[in-house]
Amino acid sequence: MKTYTPRPRDIERRWYLIDAGGVILGRLASEVAAILRGKHKPIFAPHMDTGDHVVVVNASGVRLTGGKEEKKLARRHSGYPGGLTETTYTRLLATRPAFAVEKAVRGMLPKNSLGRAMIGKLKVYAGPEHPHRAQNPERLSLGQVPTWSGLPKPPPVAPTGPQPKAPAKRSGAKPGSAGPKAKRSAARRTTAKTTSKASTAKSQRAKRATPKAATKRTTGSASSGVKAPTRKSSAKRSPARRKKKGE
């Protein structure tokens with residue numbers, strides 16, 4: 001099975017609005033972090049930012065349970081010796097409620113450049129007003145999962161390769177009748193067959209007409225380069241020798 005990796009054109013950023021009035025801080029932070037990461041989408045990938053934008057209003061109305069208002073401390077260090085500063089959440093929610101929500105959400109995101117890009121999509125406001133009406137954010141209640149309508153349709157791509165040829169149109173002639181082109185091709189085939197048969201017949205006749213012995217003698221004399229000994233004809237013999245042989 002191949003690993004799916006979302007492409008940049010598959011990621012669609014949407015806007016959601018969450019009212020934090022009377023909501024527990026930890027519950028709010030966990031759901032906002034999931035939307036910022038994109039875990040509500042089927043194309044979620046842990047190594048990519050596939051999340052959406054979130055606008056949190058009424059951050060001053062969040063609450064803590066179990067007496068954490070006085071027990072939980074928000075710590076900050078200046079980097080110098082003795083530069084540690086501690087603040088209770090009772091004071092932090094009274095003075096900087098938006099910072100308290102951002103701090104809780106930041107702690108639930110990856111601690112790298114990917115997490116810093118995700119927290120940039122979070123907008124927190126202490127009151128009910130926000131300047132993002134142009135984006136028309138969709139309202140979400142706590143515990144509601146955003147609906148997913150699928151990937152956007154890719155733009156049509158023009159074909160770049162060679163186009164397939166259209167099938168040739170059949171003529172309205174009858175199956176028994178052939179056109180002028182078919183007749184010409186048939187005539188050429190018959191002439192080619194007759195010429196090939198005539199050439200093969202001529203070559204066979206030439207082979208039969210040349211005797212094998214004559215070819216051997218001529219080839220042997222030509223290859224060796226030595227003249228064959230000539231025999232004296234019987235006509236040059238004297239009549240006396242003929243008589244002796246006849247006796």
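## A guided tour from helix α4

Begin by selecting F99, a residue that lies in helix α4. The model on display is a predicted one. F99 is partly exposed, because its relative accessibility of 32% falls between the limits of 20% and 50%. Next, add V124 to the selection and draw the distance between the two C-alpha atoms. F99 and V124 stand 25 residues apart along the chain, and their C-alpha atoms are separated by 8.2 Å.

Remain in helix α4 and move the selection to K103, which also has its place there. How exposed is K103? With a relative accessible area of 33%, K103 counts as partly exposed, since the term covers values between 20% and 50%.

Now extend the selection from K103 to K68, K71, K72 and R106. Together these five residues, K103 included, form a positive patch on the surface. Two elements each contribute two or more residues to this positive patch: α2, with the range 68-71, and α4, with the range 97-106. Colouring these two helices separately will help the reader to follow the patch.

From helix α2, proceed to the loop that lies between β2 (53-57) and α2, and select N58, which is found in this loop. The backbone deserves attention here: phi of N58 is near 55°, a positive value in a residue other than glycine. Is N58 buried or partly exposed? The relative accessible area of N58 is 22%, and the residue is therefore partly exposed, given that buried requires a value under 20%.

The next stop is another asparagine, N136. Select the loop between β5 (122-124) and β6 (138-140), where N136 has its place. Phi of N136 is near 50°, which is again a positive value in a residue other than glycine. N136 counts as exposed, because its relative accessible area is 64% and the cut-off for exposed is over 50%.

Finally, deselect the individual residues and display the whole chain by secondary structure. The chain holds eight helices and six strands. Followed from the N terminus, the elements run β-α-β-α-β-β-α-α-α-β-β-α-α-α.

Switch then to a surface view. The accessible surface of the chain comes to about 19,000 Å², and carbon and sulfur atoms account for 56% of that area. What share of the 247 residues counts as buried? The figure is 24%. To close, consider the contacts in the chain between residues at least 6 apart in sequence: 68% of these contacts join residues at least 24 apart.

Definitions and conventions. Residues numbered from 1 in each chain as written. Predicted model: local features only at pLDDT ≥ 70, side-chain atom pairs only at ≥ 80, totals over all residues. Heavy atoms only, no water. Patch = residues over 30% accessible without salt bridge, like charges linked within 9 Å, V, L, I, M, F, W, Y side chains within 5 Å. Areas by Shrake-Rupley, 256 points an atom, 1.4 Å probe, with all protein chains shown as cover. Salt bridge = Lys/Arg side-chain N within 4 Å of Asp/Glu carboxyl O. Lys, Arg positive; Asp, Glu negative; His and termini not counted. Charge placed at Lys NZ, Arg CZ, Asp CG, Glu CD. Helix = DSSP H or I, 4+ residues; strand = E, 2+ residues; numbered from the N terminus. Buried < 20%, exposed > 50% of the residue type's maximum accessible area, 1.4 Å probe, protein only. Contact = heavy atoms within 4.5 Å.
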